[in-house]
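Open the structure in your viewer and keep the sequence panel beside it. The stops below say what to select next and what is there.

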Amino acid sequence: MMTLLVATRNKHKMEEIRQVFALPGLTLLAADEAAGLPEDVVEDADTFEGNALKKARELCAASGLWTLADDSGLEVAALGNAPGVFSARYAGEPCSYAANNAKLLRELEGAADRRARFRCVIALCAPDGREWTVDGRCEGRIIDAPRGEGGFGYDPLFVPDGHALTFAELDPDTKNALSHRGHALRRAAAEWGGLLIAGSARLPPCN
C-alpha cells in the first residue's frame with residue numbers, strides 16, 4: 001500500500017480526483033488530512049504548470065511523501081484567455097464561486113464569441129526531487145446565466161462541446177468523462193499508475 005499526498009484542501013476537487021484516480025493499492029491523502037503541512041501555497045506562477053509544480057514541490061518537501069498537485073482554470077477566447085491562472089480569485093478575495101461567475105458574465109455582456117476551455121495540469125513530485133507533468137483540456141462555451149446545482153466553480157456557466165447541459169447539470173460520471181481534470185487524471189493514471197501502485201522509486205524519465 002502506497003500513500004499519495006494530494007495537494008488540495010478543496011473537498012469538491014478531491015472527490016473528483018478520488019473518483020477518477022482510484023487505483024488499487026494506492027491511498028490518496030488530502031492536504032487537510034495530513035498534519036504539519038503548510039496551510040496554503042502561494043500560487044504566483046504565470047502558468048498552470050508552474051503553479052501545479054510549486055504546490056507539489058512544497059508539500060512533497062514538507063511531508064516526505066510522493067505528492068500530486070493540479071492547477072486548473074477557465075480560458076475564455078473573448079477575454080484573451082482570461083481568467084486563466086486567476087480563475088479561482090477572478091473577482092478578488094475572499095474566493096467566491098458566485099462572485100467569479102457574476103464577474104465573468106459582466107465581462108462577457110454583449111459578446112458574440114462565447115468559446116471557452118477548461119485546462120488542467122497535474123504535477124507529480126517525488127521526495128528525491130524528480131517531477132513530471134501531464135495536462136488535459138475540455139472545449140466548450142459560456143452561457144448567459146448559471147444552470148444546475150452540481151459541480152463547483154464555473155461549472156454552472158460552462159457547456160462542453162457536443163452537449164446541451166452545463167457541467168453543473170451533468171451527472172458526475174459524465175462530467176468526469178468529459179472534463180479537463182478527468183482527461184489529465186486518466187493520463188496521469190496511465191503514465192504513472194502502475195509504478196505508484198508498486199511503490200516504485202523508478203518512474204520513467206522526466207519529460
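Which residues of the largest nonpolar core touch the most other members? Select Leu4, Phe21, Trp192 and Leu196: of the 24 residues in that core, these touch the most other members. A nonpolar core here is a set of buried Ala, Val, Leu, Ile, Met, Phe, Trp, Tyr and Cys residues joined through side-chain atoms within 4.5 Å. Buried means under 20% relative accessible area, exposed means over 50%, and partly exposed lies in between, with a 1.4 Å probe and protein chains only.

Before moving on, note that this is a predicted model, in which local features need pLDDT of at least 70, side-chain atom pairs count only at pLDDT 80 or more, and totals for chains, interfaces and linings use all residues. Residues are numbered from 1 along each chain as its sequence is written, and side-chain values use heavy atoms, with hydrogens and water left out.

**The cores**

Colour by secondary structure next. Helices (H or I, at least four residues) and strands (E, at least two) are DSSP runs, numbered from the N terminus. Two or more residues of the largest core come from each of strand E1 (2–6), helix H1 (11–20), strand E2 (26–30), strand E5 (115–125), strand E6 and helix H5 (180–197). H5 gives the largest share, six residues. Another core, of 16 residues, lies apart from it; Leu74, Val76, Ile143 and Val159 are among them. In soluble globular proteins, nonpolar side chains tend to be buried together.

Now centre the view on Leu4. With neighbours within four places in sequence left aside, its contacts (heavy atoms within 4.5 Å) include Phe21, Leu28, Trp66, Leu124 and Leu196.

**Helix H3**

Select residues 97–107, which form helix H3. Which of its residues are buried? Asn100, Asn101 and Leu104 are. These residues lie on the same side of H3 because they cover an arc of only 95° around the axis, the arc being that of the directions from the helix axis to the C-beta atoms. The buried residues pack against strand E3 (67–76) and strand E6 (131–142). Turn to the face directed away from the buried side, and the exposed residues Ala98 and Arg106 appear.

Then show Lys103 and Tyr90. The charged end of Lys103 sits over the ring of Tyr90, 4.4 Å from its centre; the rule asks for NZ of Lys or CZ of Arg within 6 Å of the ring centre and within 35 degrees of the ring normal.

**Aromatic pairs**

Rings of Phe, Tyr and Trp (its six-membered ring) pair if their centres lie within 6.5 Å; planes under 30 degrees apart count as stacked, over 60 as edge-to-face and the rest as tilted. The count comes to five aromatic pairs.

Select Trp66 and Trp132: this pair is stacked, 6.2 Å centre to centre with 20° between the planes. Trp66 lies in the loop between helix H2 (48–63) and E3, and Trp132 lies in E6, so the pair ties together parts 66 residues apart in sequence. Trp66 is buried at 11% relative accessible area, and Trp132 is buried at 4%.

Go on to Phe118 and Phe167. Their ring centres are 5.8 Å apart and their planes are at 10°, so this pair is stacked. Phe118 is in strand E5, while Phe167 is in the loop between strand E7 (158–160) and helix H4 (172–178), 49 residues apart. Add Phe158 to the selection: ring pairs link Phe118, Phe158 and Phe167 into a cluster.

Beside this, pick Ser179, in the loop between H4 and H5. Ser179 is buried, at 1% relative accessibility. Neighbours within four places in sequence aside, Ser179 is in contact with Cys138 and Phe167.

**Cysteines**

How many disulfides does a search of the whole structure find? It finds zero, a disulfide being a pair of cysteine sulfur atoms within 2.5 Å. Select Cys60 and Cys125: the sulfur of Cys60 is 5.8 Å from that of Cys125, its closest cysteine sulfur, too far for a bond. Cys60 is buried at 6% relative accessibility and Cys125 at 3%.

**Backbone stops**

Most residues other than glycine have a negative phi, and most peptide bonds are trans. Select Asn81, in the loop between E3 and E4. Asn81 has a positive phi of about 70° although it is not a glycine, and is partly exposed at 37%. A cis peptide bond joins Ala82 and Pro83, with omega about 5°. Last, select Glu93 and Pro94: the peptide bond from Glu93 to Pro94 is cis, with omega near -10°. Pro94 is in the loop between E4 and H3.
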